[in-house]
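Here are a few short exercises to work through with the model open beside you. Try each one before reading its solution.

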Amino acid sequence: MVFLNIDHPKYHLHRIPELRKESFNYFTTMQTITFADLRKITIALLLAGILWSCSDQPAMEAQDDAPASQAVAEKSEVPPPPIEGMVWMQGGHLQREGRSADLQGFYVDATEVTVKEFREFIEATGFQTEADAYGWSGVFNRKTQTWDPVDGANWEYPIGPDGPKAAEDEPVTQVSWNDATAYAKWAGKRLPSETEWLWAASQRGEQKFLNWGDELLPEGKFMGNWWQGIFPYEDSGDDGFLGVAPVKSFPPDANGLYDIGGNVWEWTNDLRYPSDQANPNPEMVIKGGSFLCADNYCAGYELDSHQFTPKDSGLNHLGFRCVKD
Ligand SMILES: [Ca+2]
Ligand SMILES: [Ca+2]
């Protein structure tokens with residue numbers, strides 16, 4: 001019997017040369033459980049149940065009833081002029097999951113940056129992405145459940161030259177943090193901090209669990225693009241998409257933001273380790289989950305989930321959206 005270690009840190013393919021032609025296999029994270037182990041686990045669970053039944057249950061219930069997040073100390077701001085394709089997020093104070101921060105207001109892209117928008121950047125600047133500079137990028141192989149380095153995979157052909165050309169209204173992928181930052185600078189924008197991303201996604205600290213509410217399927221409806229089934233084995237595609245979806249394929253949240261939960265992961269400007277300032281290729285925080293996120297694995301579409309990947313990563317389920325002051 002096997003199970004997946006859902007906290008395995010090496011979720012993404014690294015570009016370091018020695019891994020250039022290796023792929024990361026999810027099965028390397030599996031562990032074997034014997035019947036003896038199962039007996040120990042069962043006994044442990046029974047003991048835990050007994051201890052819990054003897055514990056101070058009213059306190060637990062009070063904790064459950066407490067809001068997971070709340071917006072306090074709201075500032076009164078006059079909304080600035082609207083910007084097409086962006087949503088104004090009024091500032092305030094975020095208190096959520098141990099995170100406490102004061103935020104100024106900012107604009108945030110209503111959608112993930114699209115292939116069309118990225119093409120305009122490439123054509124205007126002649127910019128070369130890191131995937132093109134390296135000559136390869138990371139693609140998830142559904143047959144082998146591995147992340148493979150695929151020659152020629154880039155923002156225009158995200159699963160490689162033998163795959164389809166990316167549609168103009170899809171979120172751009174196979175862009176590294178460095179690529180995304182260059183785009184943002186060209187567009188007069190910047191990447192959000194994780195706190196800013198969370199502030200926007202949680203509707204200023206109001207949502208508990210998901211950016212569309214507390215139910216994964218409110219009234220049985222899919223509100224984002226994720227993986228239905230047991231990852232990495234089978235995706236039923238019940239939400240209508242086995243891979244990436246064009247932006248705005250699902251309803252916006254209460255702020256008017258699309259696909260902030262699911263579809264493609266989104267780069268932030270936050271280091272995984274703040275002490276990594278001198279590291280030339282540190283891991284960065286990514287938010288929102290992707291079409292590869294299932295509730296048995298990373299559940300990355302949950303607001304407080306995050307993952308990490310090096311700045312120079314290119315992956316076919318990782319894109320970005322920008323903010324502007
Ligand atoms: Ca899907
Ligand atoms: Ca997203």
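**Exercise 1.** Why is strand S9 (residues 136-141) largely enclosed by the rest of the structure?

*Solution.* Keep in mind that this is a predicted model. Begin with the burial cut-off: a residue is buried if 20 or more other C-beta atoms lie within 10 Å of its own. Next, apply that test along strand S9, where five of the six residues turn out to be buried. Strand S9 is therefore largely enclosed by the rest of the structure. For background, 40% of the 325 residues of the chain count as buried.

**Exercise 2.** Find the strand joined to S9 and describe how the two are connected.

*Solution.* Start with the partner: S9 is joined by six bridges to strand S10 (residues 146-151), and the two run antiparallel. Then pick out one pair, Val139 with its bridge partner Asp148 in S10. Finally, follow the chain from one strand to the other: S9 and S10 make a hairpin, with four residues between them. Gln145 sits in the turn and has a positive phi of about 55°.

**Exercise 3.** In what order do the three strands of the open sheet lie, and which are at its edges?

*Solution.* The order is S5-S8-S15, with antiparallel pairing. Strands S5 (86-89) and S15 (323-324) are the edge strands, as each pairs on one side only. Now look at how S8 (residues 106-109) meets S15: two bridges join them. Tyr107, for instance, has Lys324 in S15 as its bridge partner.

**Exercise 4.** How many helices and strands does the chain have?

*Solution.* Count along the chain and you will reach six helices and 15 strands.

Conventions:
Residues numbered from 1 in each chain as written. Chains lettered and ligands numbered in written order. Predicted model: local features only at pLDDT ≥ 70, side-chain atom pairs only at ≥ 80, totals over all residues. Pairing = 2+ DSSP bridges. Buried ≥ 20, exposed ≤ 12 C-beta atoms within 10 Å, placed from the backbone.
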